[in-house]
Amino acid sequence: MTFESLNLISPILQALKEEGYSVPTPIQHQAIPKVLGRRDLLACAQTGTGKTAAFAVPILQLLQGSPRQNKSSKSIRALILTPTRELAIQINDSIAAYGKHLPIRHTVIFGGVSQHGQVNALSRGIDILTATPGRLLDLIQQGLLSLEQVEYFVLDEADRMLDMGFIHDVRRVIRLLPRERQSLFFSATMPPEIVDLAESILRNPEQVAVTPPSSTVDRIDQQLYHVEKTQKKNLLIHLMREMAIPTALVFTRTKHGADRLVKDLLKAGISAEAIHGNKSQNARQRALSNFKARTTRVLVATDIAARGIDIDELSHVFNYEIPNIPETYVHRIGRTGRAGLSGIAISFCEPEEKAYIRDIQKLIGKPIPVVSEHPFASMSAFAAQEIKQERPAPQPVQQNRQGQKPKKQRYFTGMNRSV
Ligand code: AMP
């Protein structure tokens, strides 16, 4: 399968070649012909699968194929709604790359920064707008932009919109769109609220689903270290010194914990920066650029801040704290092992987190190999054995540590559900 066989126009083929893309990813291969065929789309795919090109490339082609009737019109023709500023910037950058040989104008708007530059860009006339919901509604309310002429609408990372409390904003945006439009809906998971939302947006959609999360993790080398809570920072410093780790993304549960860990790493002479919601947009972008340029070796992040971080060659992901939602583990470690590369995911498990590891092992369908030989393995021999012996048996209900049933997350199979 090649991009040529997807009937793409030559300016796009050329741009993809220049990006170094030779073979479409499964989501691209499945989605591009359907979108070019003007069908609505319900796609189950997470970041890292190449989903951005799966919607951006056919939209660029469709826009190019039907130029504006009224040349002087400045209305927005395609709207891409995405939950975070980082994702919005990345999507706009991707559109710039895929559309570099086309006369299609695009820009990005998001909150947390002055609206001045964004409003100026909009006033010049924009074909494709990538936006986060809050700033979009804000500018609409100020009368600075209208969605009345939108022909293509993409809702990206719908499940994250829900997690982050943006679902009402999303519904408000949808009410402002024309009825006649083509809509593409992307979500990594399909909990019931998301299925309802999809039903309200899409008309007779084509459905595609790629790589359920559990198989995404297959090519990632996963390791589990049992360690007391108080020794985690020493273990991380030890591994950073002993192992050839060029880049590490370290997940902590809290913003405060992220800042504290950065201080500890810096004290140990290891370059590190934190990225989380309390940091300004500029500080986050700077930390990310330093990390991508490898000036910073360790990026410490909370889950929400890490959404949308797109780093092509990330060798190691650390779960400094084990997430209590098993799917979060899969999202986290999926940051490494991108684009066919292998990656290493290392988890530090303190005794109280063993229940979370059990839930994760059930989700991924296999035990995570334990590394017991390390200098901070106080109680680990016992703990390791206990978890190892527990085969991940199929269980209808997973319980979290408080003994509550977690909210059901359903993975969309694409075949047996009509939406
Ligand atoms: P996405 O899921 O859209 O965030 O893409 C994940 C990463 O894969 C990005 O760094 C893309 O540049 C890269 N990518 C997307 N499609 C392809 C492809 N067909 N070949 C190689 N890399 C790709």
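These legends go with several close-up views of a predicted model.

**Figure 1. The whole chain, before zooming in.** The secondary structure of this predicted protein chain adds up to 17 helices and 13 strands. Of its 419 residues, 53% are buried. Take the contacts between residues at least 6 apart in sequence, and 77% of them turn out to join residues at least 24 apart. On the outside, the chain exposes about 18,600 Å², with carbon and sulfur atoms supplying 50% of that area.

**Figure 2. Alanine 43, a residue of strand S1.** Here we look at alanine 43, which sits in S1. Its relative accessibility is 0%, so alanine 43 counts as buried. Its touching partners, once residues up to four places away in sequence are set aside, are Ile27, Phe185, Phe186, Ser187, Met190 and Val208. Leucine 184 is worth picking out too: 141 residues separate it from alanine 43 in sequence, yet the two C-alpha atoms are 7.7 Å apart.

**Figure 3. Alanine 45, in the loop after strand S1.** The loop in this view runs between S1 (41-44) and helix H3 (51-65), and alanine 45 is part of it. Alanine 45 has 4% relative accessibility and therefore counts as buried, the cut-off being under 20%. Leaving out neighbours within four places in sequence, you'll find alanine 45 in contact with Ile27, Lys51, Ser187, Ala188 and Val210. Ile27 and Ser187 will be familiar from the previous view, where they touch alanine 43. Threonine 189 lies 144 residues from alanine 45 in sequence, but their C-alpha atoms are 7.8 Å apart in space.

**Figure 4. Threonine 132, between a strand and a helix.** Strand S4 (128-131) and helix H6 (133-141) are joined by the loop that holds threonine 132. With 6% relative accessibility, threonine 132 counts as buried. Its contacts, not counting neighbours within four places in sequence, include the run Leu81, Thr82, Pro83, Thr84 and Arg85. Ala88, Ile109, Phe110 and Gly111 are also in contact with threonine 132.

**Figure 5. Helices H4 and H13, packed against each other.** H4 covers residues 85-98 and H13 covers residues 281-292; their axes are 11 Å apart, at an angle of about 60 degrees. H4 and H13 are therefore oblique to each other. H4 passes H13 in a right-handed crossing. On the H4 side, Arg85, Glu86 and Ile89 make the contact, and on the H13 side Gln281, Arg284 and Gln285 do. Sorted by type, the residues of this contact are 1 nonpolar, 2 polar and 3 charged. Arg85 also appears in the threonine 132 view, as one of the residues in contact with threonine 132.

**Figure 6. Helices H15 and H16, crossing.** The axes of H15 (residues 326-333) and H16 (residues 354-364) come within 8 Å and cross at roughly 70 degrees. That angle makes H15 roughly perpendicular to H16. From H15, look for Pro326, Glu327, Tyr329 and Val330; they meet Asp359, Ile360, Leu363 and Ile364 of H16. By type, the contact divides into 6 nonpolar residues, no polar ones and 2 charged.

**Figure 7. Glutamine 223 in strand S8.** S8 spans residues 220-226, with glutamine 223 among them. The relative accessible area of glutamine 223 is 14%, so this residue is buried. Ignoring residues up to four places away in sequence, glutamine 223 touches Ile344, Ala345, Ile346 and Ser347, along with Ile368, Pro369 and Val371.

Key
Residues are numbered from 1 along each chain as its sequence is written. This is a predicted model: local features need pLDDT of at least 70, side-chain atom pairs count only at pLDDT 80 or more; totals for chains, interfaces and linings use all residues. Side-chain values use heavy atoms; hydrogens and water are left out. Helices (H or I, at least four residues) and strands (E, at least two) are DSSP runs, numbered from the N terminus. Buried means under 20% relative accessible area, exposed over 50%, partly exposed in between (1.4 Å probe, protein chains only). Contact means heavy atoms within 4.5 Å. Axes are lines fitted to C-alpha atoms, for helices over the stretch in contact, and angles run from 0 to 180 degrees between N-to-C directions. Angles under 35 degrees count as roughly parallel, over 145 as roughly antiparallel, 65 to 115 as roughly perpendicular and the rest as oblique. A crossing is left-handed if the near helix is turned anticlockwise from the far one by less than a right angle, and right-handed if clockwise. Ala, Val, Leu, Ile, Met, Phe, Trp, Tyr, Cys and Pro count as nonpolar, Asp, Glu, Lys and Arg as charged, and the others, Gly among them, as polar. Accessible areas come from the Shrake-Rupley method with a 1.4 Å probe; for residues, only the protein chains shown count as cover.
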